[in-house]
Amino acid sequence: MVTVNRLENSPVKNLQSFSMVSTVQNTDVKQKDADRAVVVAVTSRAVFESGAEDSDGVHGAGIAFPLLQAFQRVNERLLEENPAESLLFDVVLITTDSQQQQQSSRIISSTRQHGLEVSRLCFSSEEDFIESLLKNNVQLFLSTDRNETSQASQKGVLSALLDETAASCPSEQLRVLFCGDAVIRPDAGPTSASKRAAQSFSAQLGEMRRRFGVLDSPLSITLMTSGGGRESCGGALRTLRSLGVSADEAYCLAGAPRGPILSLLRHHFLLSDGLGAVED
Amino acid sequence: MVKMSLDPVQVISGQVEELKVAPSSNGDSRGSWEEKEKFDQDLLGLSGKPKPPKPENAVTIAVSSRVLFRTELEQKVYEQKGVEEYLRYQIEHENEPFTPGPAFPFVKALETVNARLRDLYPQSEELFDIVLVTYNHAHVGIRLINTINHHNLFIERFCMTGGSSPIGYLKAWHTNLYLSADADKVREALAEGIAAATMFMSEKLTEVSQTQLRVAFDGDAVLFSDESERIFKAHGLDKFFEHERENEDTLLDHGPLKGFLEALGKLQKKFYAKGHRLDCPIRTYLVTARSAASSGIRALKTLRAWGLEIDEALFLAGAPKGPMLEKIRPHIYFDDQMFHVEGAAEMGTIAAHVPYGIAQKHNTKKNTSGGK
């Protein structure tokens, strides 16, 4: 059963006449602890393949599908370790596409049909989606749209761009890549909201990682430095450590081309200094 | 901590090509280039150091942490107490550098050659590039970096795969030679067409040259294919001689280390071009059980047809290789037979096993393997 907040009856029509955000709670899924959960917003465009629907109108799986399954896997394993665990991923689906908004019920039913552990579904216009992110206390925003991640970043929300590589990633392990060249260095320039967001998310990720052993972890953290030499990578390792993050893998490229290495890392998304995926 | 004022992505993609590096090794030389060099290299966090070459231009040597350094103690912790305790131990001892391992003299010699190459060809990227490729988890990263610093090695690139196979990364780095303590990984690399060899720590190590890189190769199943060895193993010595005589003018097929010899030859020619034939800092040796009068001819003809020069060819006609190698004192000697590798090690020669070809079915002792 899905309950609708703030709007009654025909949700579609009302959404179009209000230029404001609305949030639908998915009562199939247990809501997370607002203080402790790590809220991750993913655009429905990334999760569902638009246009590809089966006869029941259920959307096909998109690029971010394995990613969502990976988030779920982490939560499952965290709860296995401690059934009272509150440091969990809280995945929120955000729909900014007006076309998809008209099909809000389809998105809701597709979410349920695929058994996705999405606690909330946010609908907003393209102009207001940042407001939606902030209202929902989103700590990480994932989208396939570069404009969206860029805008969100500028407003201080940690963002990352999703591309096709995410689609071929494992669903049993969440693989996060930190690009160390400019990331989370406390003394490199003024601390912006973006950097604070990156540090905070990293610290939470690190804490989650510590719940598991070295082997057989549902969460894997990789550090890559592209430009600098070993000192640069060593510095990044120490910075991560100061935030409570232990990297599993580390790659120091010292100027070598990133492409070949990136294609091997099989990461779901890449975090640099909060400005989204760095271009090759 | 390195302070970077520019977005490093912009620096790397647009402007790295423009960086001109003055000839220097480990930032020793001073000159009018100094200021610009320091500014540019600060951007890369490589102050005072030469810029690493592009992988496709360089002769890339990938070494694992267990052959570059001695990690027996840590290996014991891993084997006896498991990976968690092993990593805890590594972190606890982070500020204690590892001592040199079997590949260490070889790597130092590569750097000596690089210094000479940079003197003669300051703009060239045709250099040795040493990459640390290890199964280790990144928890060991800081200790490895501290160790590299301590020994003043010029290693700026590494892959710590946290247990994943390094093979993809070897390919991505255009690896010309991979050295590891783990025979399985070496075999995997060989199967992918990457020259590779297993190295072992031996207690006795004779001194090697500080000024000249010396690399010695066995012939069959190392530089050449194992086709002739198969004949020998199947039909005996007489048949082997007969076969070699009959096929004297037929080239042998290439073996897994042929490409590496070729890469060394290319660098040697750069020294010859500048008049350094007599004091070339790279010297290569063929140490084979073939005999000069008969079966050796086919080997020499093959090398000549490949356009490869080898500085010294030693045809032992079956005599033990140990004493000869002891005289040569190579920084590394490649052989496909553990028997010879062990024999060489007993006399203090740094020997590496190439687990390729028919001889692998006849190994006398089991290889050490497993771990990182």
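A residue is taken as buried when its relative accessible area is under 20%, and by this criterion 55% of the 372 residues of chain B count as buried in the structure described here, which is a predicted model. The secondary structure of chain B comprises 15 helices and 12 strands. The accessible surface of this chain amounts to about 15,900 Å², and carbon and sulfur atoms account for 51% of that area. When contacts in chain B between residues at least 6 apart in sequence are considered, 76% of them join residues that are at least 24 apart.

Two pairs of helices in chain B were examined for their packing. In one pair, helix α4 of chain B, residues 72-81, packs against helix α5 of chain B, residues 83-92, at an angle of about 150°, with the two axes 7 Å apart. Because angles over 145 degrees count as roughly antiparallel, α4(B) is described as roughly antiparallel to α5(B). The crossing of these two helices, α4(B) and α5(B), is right-handed. On the side of α4(B), the contact involves L73(B), E74(B), V77(B), Y78(B) and K81(B), which meet V83(B), E85(B), Y86(B), Y89(B) and Q90(B) of α5(B). By character, the residues of this contact between α4(B) and α5(B) comprise six nonpolar, one polar and three charged. In general terms, an α-helix has 3.6 residues a turn, so residues three or four places apart point the same way.

In the other pair, helix α10 of chain B, residues 227-235, and helix α11 of chain B, residues 237-246, pack at an angle of about 145°, and their axes are 7 Å apart. Here too a right-handed crossing is found, with α10(B) passing α11(B). The contact is formed by S228(B), I231(B), F232(B) and H235(B) from α10(B), together with L237(B), K239(B), F240(B), H243(B) and E244(B) from α11(B). The residues that α10(B) and α11(B) bring to this contact divide into four nonpolar, three polar and two charged.

Helix α7 of chain B, residues 141-150, is mostly covered, since eight of its 10 residues are buried. The buried positions of α7(B) are G141(B), I142(B), R143(B), L144(B), I145(B), N146(B), T147(B) and I148(B). Just after this helix, α7(B), residue N152(B) adopts a positive phi of about 55°.

Contacts were also examined for P100(B), which lies in strand β3 of chain B, residues 99-100. P100(B) counts as partly exposed, at 34% relative accessibility. With neighbours within four places in sequence left aside, P100(B) is in contact with L68(B), F69(B), R70(B) and H151(B). Of these partners, H151(B) is 51 residues away from P100(B) along the chain, and the C-alpha atoms of the two are separated by 8.6 Å.

Positive phi values in residues other than glycine were also found in loops. In chain B, the phi of A317(B) is near 45°, a positive value in a residue other than glycine. A317(B) is placed in the loop between β10 (312-315) and α14 (322-328) of chain B, and A317(B) is exposed, with a relative accessible area of 54%. In chain A, R266(A) likewise has a positive phi, near 50°. The loop that holds R266(A) runs between α11 (258-265) and β13 (269-271) of chain A, and R266(A) is partly exposed, its relative accessible area being 44%.

Conventions
Residues are numbered from 1 along each chain as its sequence is written. Chains are lettered from A and ligands numbered from 1 in the order in which they are written. This is a predicted model: local features need pLDDT of at least 70, side-chain atom pairs count only at pLDDT 80 or more; totals for chains, interfaces and linings use all residues. Side-chain values use heavy atoms; hydrogens and water are left out. Axes are lines fitted to C-alpha atoms, for helices over the stretch in contact, and angles run from 0 to 180 degrees between N-to-C directions. Helices (H or I, at least four residues) and strands (E, at least two) are DSSP runs, numbered from the N terminus. A crossing is left-handed if the near helix is turned anticlockwise from the far one by less than a right angle, and right-handed if clockwise. Contact means heavy atoms within 4.5 Å. Ala, Val, Leu, Ile, Met, Phe, Trp, Tyr, Cys and Pro count as nonpolar, Asp, Glu, Lys and Arg as charged, and the others, Gly among them, as polar. Angles under 35 degrees count as roughly parallel, over 145 as roughly antiparallel, 65 to 115 as roughly perpendicular and the rest as oblique. Buried means under 20% relative accessible area, exposed over 50%, partly exposed in between (1.4 Å probe, protein chains only). Accessible areas come from the Shrake-Rupley method with a 1.4 Å probe; for residues, only the protein chains shown count as cover.
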